[in-house]
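Student: I have just opened this structure and would like to find my way around. Could we go through it together?

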Amino acid sequence: MAILAAAMCSGTLNSSGSACNLPDATRCCPELTTDLHQIAIPVDSEHRSTETPLANVAIFGFQFTPGHILVPMNARVRWTNYDSSLHTSTSLDMPPVWDSGFLPEPASYTYDFSITIRTYPYFCAAHPDMIGSVEVRLPGDATGDNSVNISDFSILASNFNTSPRTYSQGDFNLNGTAEIGDFAILAANFNTSAGSRGAAIPEPAETVAVLLFAGPLARRWRSAC
Ligand SMILES: [Ca+2]
């Protein structure tokens with residue numbers, strides 16, 4: 001059944017004989033919901049993203065923009081000051097998880113969120129009314145339920161090859177588009193939860209499950225380029 005599902009969905013037709021477009025994959029290929037864990041097709045390594053996801057926050061008009069950002073674990077956040085006044089980006093934790101120090105215009109500061117899944121509030125030490133937050137999620141967790149599962153896959157599928165898209169719309173590598181690189185991230189983390197992923201231990205029997213779609217997606221993405 002799994003092979004059948006893969007054949008139908010990787011090619012062109014579903015069980016009813018109509019075209020099987022990726023955004024409709026879980027609808028036109030219901031076998032996916034039950035057989036998603038049974039086939040692994042290697043992702044096209046040429047197109048797998050290995051860059052650190054980067055999110056930018058502008059400091060302008062005495063505000064952080066965007067004020068709240070979603071990033072995956074291992075992402076980098078860069079704050080850039082576009083105001084003539086000095087500002088900082090300083091975590092509200094005690095002691096601060098990060099502290100940029102005073103940034104003149106147009107200086108930048110970066111911090112890598114490499115370990116813990118949580119929301120980090122921060123502020124400007126020179127102007128305490130300036131506040132922002134960084135929400136760190138499991139890579140591939142679009143819904144924010146601290147698990148990477150079929151719901152996240154459905155979101156990515158429904159936004160596939162579209163832009164601009166946000167993290168909660170499937171842009172897990174923060175490049176603005178929901179594409180094959182995001183699928184690779186979701187596949188690598190599929191069926192992990194905050195409990196297991198907090199310790200960075202995915203469930204081994206199901207880790208590569210979503211790679212079912214990787215080959216077909218890679219070919220489709222390559223042909224679109
Ligand atoms: Ca992306």
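Student: Is Asn161 buried, exposed or partly exposed?
Tutor: This is a predicted model, and we can reason from the C-beta atoms around the residue. Asn161 has 15 other C-beta atoms within 10 Å. A buried residue needs 20 or more and an exposed one has 12 or fewer, so Asn161 is partly exposed.

Student: What is the phi value of Asn161 near?
Tutor: Asn161 sits in the loop between helix H4 (150-159) and helix H5 (180-188). Its phi is positive in a residue other than glycine, with a value near 60°.

Student: Is Leu174 buried or exposed?
Tutor: Leu174 also lies in the loop between H4 and H5, and its phi is positive, near 65°. Leu174 has 25 other C-beta atoms within 10 Å. The cut-off for a buried residue is 20 or more, so Leu174 is buried.

Student: Which residues of strand E4 are on its covered face?
Tutor: Good one to trace by eye! In a regular strand the side chains alternate between the two faces of the sheet. In E4 (residues 75-81), Arg76, Arg78 and Thr80 make up the uncovered face. The covered face holds Ala75, Val77, Trp79 and Asn81.

Student: In which sense does E4 pair with strand E6?
Tutor: Let's start with the other partner: strand E1 (residues 54-60) and E4 pair in the parallel sense over 6 bridges, and Asn56 has Arg78 as its bridge partner in E4. With E6 (residues 108-113), E4 also forms 6 bridges, and Thr80 is partnered there by Ser108. The sense of the pairing between E4 and E6 is antiparallel.

Student: Is the peptide bond from Glu105 to Pro106 cis or trans?
Tutor: Pro106 lies in the loop between E5 and E6, and so does Pro95. The bond from Met94 to Pro95 is cis. For the bond from Glu105 to Pro106, omega is near 0°, and that bond is cis.

Student: Which element gives the largest share of the largest nonpolar core?
Tutor: In soluble globular proteins, nonpolar side chains tend to be buried together. Here the largest nonpolar core has 36 residues, and those touching the most other members are Val71, Val77, Phe113, Val134, Leu156 and Leu186. Elements giving two or more residues include E1, E4 and H4. The largest share, 6 residues, comes from H5.

Student: Which Phe is in contact with Leu156?
Tutor: Set aside the neighbours of Leu156 within four places in sequence. Its contacts then include Ala142, Gly170, Ala178, Asp182 and Leu186. The Phe among them is Phe183.

How values were computed. Residues are numbered from 1 along each chain as its sequence is written. This is a predicted model: local features need pLDDT of at least 70, side-chain atom pairs count only at pLDDT 80 or more; totals for chains, interfaces and linings use all residues. Helices (H or I, at least four residues) and strands (E, at least two) are DSSP runs, numbered from the N terminus. Two strands pair if DSSP finds at least two bridges between them. A nonpolar core is a set of buried Ala, Val, Leu, Ile, Met, Phe, Trp, Tyr and Cys residues joined through C-beta atoms within 7 Å. Two residues are in contact if their C-beta atoms, placed from the backbone, lie within 7 Å.
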